[in-house]
Amino acid sequence: MTSSSRRRAIAVAALLAAAIPALAACGAGFDANTSAPYAPNEAGVLYDGDGPGKAYGKNGVMIPQAFILGPDSGEQLATGGSAPLYLTLLNSTETADQLTSIVPEEQKATSVKVQSPIDLQPGTLAKTPGVTVEGLKTALRGGESIKLTLQFKNAGDVALDVPVVARSREFATLPPAPTAAPTAAPTASPLATGSPAPSDTALPEATESPAPGAE
């Protein structure tokens with residue numbers, strides 16, 4: 001390992017130790033200041049490879065925090081609604097990268113809305129405010145998970161299972177999920193349903209006007 005690579009590894013380790021949330025302790029949601037290492041599950045642990053030699057992260061991308069914010073405890077997000085997605089990303093390579101899009105598993109949601117590509121500078125933590133999972137295929141109560149494929153400009157596709165967490169405990173201060181707008185019921189025409197006209201006054205009978213010049 002070269003001296004620059006060693007310095008990069010030390011810097012990445014320091015960032016992870018300072019910023020990866022230990023949610024089992026006293027976290028504070030998306031902006032927790034933490035002191036203990038935390039693999040991303042309450043966000044599906046992301047490892048590259050199998051066995052004792054497997055490495056944390058994949059293709060140079062580490063994801064120390066990832067969760068979908070669900071409803072308040074005891075409630076649910078309705079089918080067709082949306083839910084905020086929170087990611088903390090770390091680019092452990094020496095080259096800048098970019099998160100360009102996110103694709104959900106087809107059975108769980110229709111899309112993930114990313115306002116604009118998210119830049120990942122080398123050795124720098126990046127967050128994803130304003131990202132939402134759209135068109136939920138099933139109601140969410142918290143405790144579920146949704147598989148997402150994160151698409152990066154350089155790192156390629158990185159898939160992980162992201163948990164849905166209830167808006168409670170350290171997540172209680174985060175903004176609630178957007179409420180799906182109710183669909184207005186069509187208004188039936190009274191005549192089409194056989195209902196009486198707005199007024200029950202009989203319409204006057206038409207009278208014949210004499211032809212021009214007739215006596």
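This report walks through model confidence, nonpolar cores, strand pairing and aromatic contacts in a predicted model.

## How far to trust it

The mean pLDDT of the protein chain is 74, with 60% of residues reaching 70 or more. Going element by element, β6 comes out highest with a mean of 97, while helix α1 (residues 3–19) sits at the bottom with 48. Residues 16–28 have pLDDT below 50, yet the model gives this stretch 35 contacts beyond near neighbours in sequence.

Another low patch covers residues 189–195, where pLDDT stays under 50. There, the model has three contacts beyond four places in sequence.

## Two nonpolar cores

The largest nonpolar core has 32 residues. Its members touching the most others are Ile63, Leu85, Ile102, Leu150 and Phe152. Plenty of strands chip in: β3 (61–69), β4 (83–91), β5 (97–104), β6 (109–113), β7 (118–120), β9 (132–136), β10 (145–152) and β11 (156–165) each provide at least two residues.

A separate core of six residues lies apart from that one, and includes Phe67, Leu69, Val165 and Phe171. As a general backdrop, nonpolar side chains in soluble globular proteins tend to be buried together.

## β9 and its partners

Strand β9 is largely enclosed by the rest of the structure, because four of its five residues are buried. On the β6 side, the pairing is antiparallel and runs over four bridges; here valine 112 faces valine 133 of β9.

β4 also runs antiparallel to β9, joined to it by two bridges. In this case proline 84 sits opposite threonine 132 in β9.

## Leucine 87 on β4

Further along, strand β4 holds leucine 87. With 0% relative accessibility, leucine 87 counts as buried, since the cut-off is under 20%. Its C-alpha is 5.6 Å from that of threonine 128, although the two residues are 41 apart in sequence.

## The aromatic corner

What aromatic pairs does the structure hold? There are two. In one of them, phenylalanine 67 and tyrosine 86 have ring centres 5.0 Å apart and planes at 20°, so this pair is stacked. Because phenylalanine 67 belongs to strand β3 and tyrosine 86 to strand β4, the pair ties together parts 19 residues apart in sequence.

Are these two rings' residues buried or exposed? Phenylalanine 67 has 1% relative accessibility and so counts as buried; tyrosine 86, at 11%, counts as buried too. Ring pairs also bring in Phe171, making a cluster of Phe67, Tyr86 and Phe171. Of these, Phe67 and Phe171 are among the members of the six-residue core.

Notes
Residues are numbered from 1 along each chain as its sequence is written. This is a predicted model: local features need pLDDT of at least 70, side-chain atom pairs count only at pLDDT 80 or more; totals for chains, interfaces and linings use all residues. Side-chain values use heavy atoms; hydrogens and water are left out. A nonpolar core is a set of buried Ala, Val, Leu, Ile, Met, Phe, Trp, Tyr and Cys residues joined through side-chain atoms within 4.5 Å. Buried means under 20% relative accessible area, exposed over 50%, partly exposed in between (1.4 Å probe, protein chains only). pLDDT is the predictor's confidence in each residue, from 0 to 100. Contact means heavy atoms within 4.5 Å. Two strands pair if DSSP finds at least two bridges between them. Rings of Phe, Tyr and Trp (its six-membered ring) pair if their centres lie within 6.5 Å; planes under 30 degrees apart count as stacked, over 60 as edge-to-face and the rest as tilted.
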